[in-house]
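User: Please take a close look at one part of this model, the nonpolar core and the helix that gives most to it. I would also like to know how the annotated site and the ligand shell are placed.

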Amino acid sequence: TEETLVLIKPDGVARGLTGAILARIEAKGYSLVDIRLVEPTRERLAQHYAEHEGKPFYEPLLEFMMSGPSVAIRLAGNRVIEGFRSLAGTTDPTTAAPGTIRGDFGRDWGVAVQQNLVHGSDSPESAQRELGIWF
Ligand code: ATP
């Protein structure tokens, strides 16, 4: 079995989609190992998003992620890293496939950062690194 970090980002929490998103994760058969509501500091977010430092959307991304609480989840299951990213859909909510979290619930607000409801680690290395940042 494998573990990943999932975040329900501030837009998902603020829009009252936490339950709907968790329902999809649970229906898929993944296990919630740990879950908490977090209001991250800039320092924590800078660690989490270190690879994006210097990109045009970096500052708007940090501001967005500090705009309200996120739900952090330690999620377990066979191939859960790949499986959760498949459930989430691609980064841009406009083109994310219907049937995915971002495709069904994501909205393009026309702002500098994609407010795309969720985050999921993209590799075993990222998962271990990110789980250490949030838990
Ligand atoms: P995540 O890592 O959050 O699951 P991802 O892997 O689809 O999403 P990354 O490339 O890691 O996306 O980017 C992290 C986040 O930064 C995205 O989820 C989105 O909120 C924002 N972002 C990424 N690329 C862009 C972009 N070109 N324009 C605006 N926002 C972006």
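**The core, its helix and the annotated site**

Analyst: In this predicted model, L75 touches E3, T4, V6, I25, Y30, L32, V33, V80 and F84, leaving aside residues up to four places away in sequence. L75 is also one of the residues with the most contacts inside the largest nonpolar core, a set of 21 residues. The others named for their contacts there are L5, V6, L7, F84, I101 and V118. Two or more residues of this core come from each of β1 (2-8), α2 (18-28), β3 (70-77), α5 (80-88), α6 (101-105) and α7 (124-134). The largest share, five residues, is that of α5. As a general point, nonpolar side chains in soluble globular proteins tend to be buried together.

Within α5, the buried residues are V80, I81, F84, L87 and A88. Viewed down the helix axis, the buried residues of α5 fall within an arc of 130°, so they line one face of the helix. Their cover includes strands β1, β3 and β4 as well as helices α2, α6 and α7. Two of the buried residues, V80 and F84, are among the contacts of L75. After α5 comes G89, which has a positive phi, near 85°.

The annotated site can be placed next. An unreviewed UniProt entry lists H119 under "active site". H119 lies in strand β4, residues 118-120, and β4 is among the elements that cover the buried residues of α5. Why does H119 count as buried? There are 23 other C-beta atoms within 10 Å of H119, and the cut-off for a buried residue is 20 or more. Not counting residues up to four places away in sequence, H119 touches V6, L7 and K9. V6 and L7 are both listed among the core residues with the most contacts, and V6 is also touched by L75.

H119 belongs to the ligand shell too, together with F57, L61, T91, V113, Q114, N116, G120 and D122. By residue class, this shell divides into three nonpolar, five polar and one charged.

As for the wider frame, the unreviewed UniProt entry carries the annotation "domain: Nucleoside diphosphate kinase-like" over residues 1-135. That span is 41% helix and 19% strand, and its end C-alpha atoms lie 19 Å apart.

Methods
Residues numbered from 1 in each chain as written. Predicted model: local features only at pLDDT ≥ 70, side-chain atom pairs only at ≥ 80, totals over all residues. UniProt positions renumbered as here; feature names shortened; annotations may be inferred. Helix = DSSP H or I, 4+ residues; strand = E, 2+ residues; numbered from the N terminus. Buried ≥ 20, exposed ≤ 12 C-beta atoms within 10 Å, placed from the backbone. Contact = placed C-beta atoms within 7 Å. Core = buried A, V, L, I, M, F, W, Y, C linked by C-beta atoms within 7 Å. Near = placed C-beta within 6 Å. Nonpolar A, V, L, I, M, F, W, Y, C, P; charged D, E, K, R; others polar. Arc of directions from axis to C-beta.
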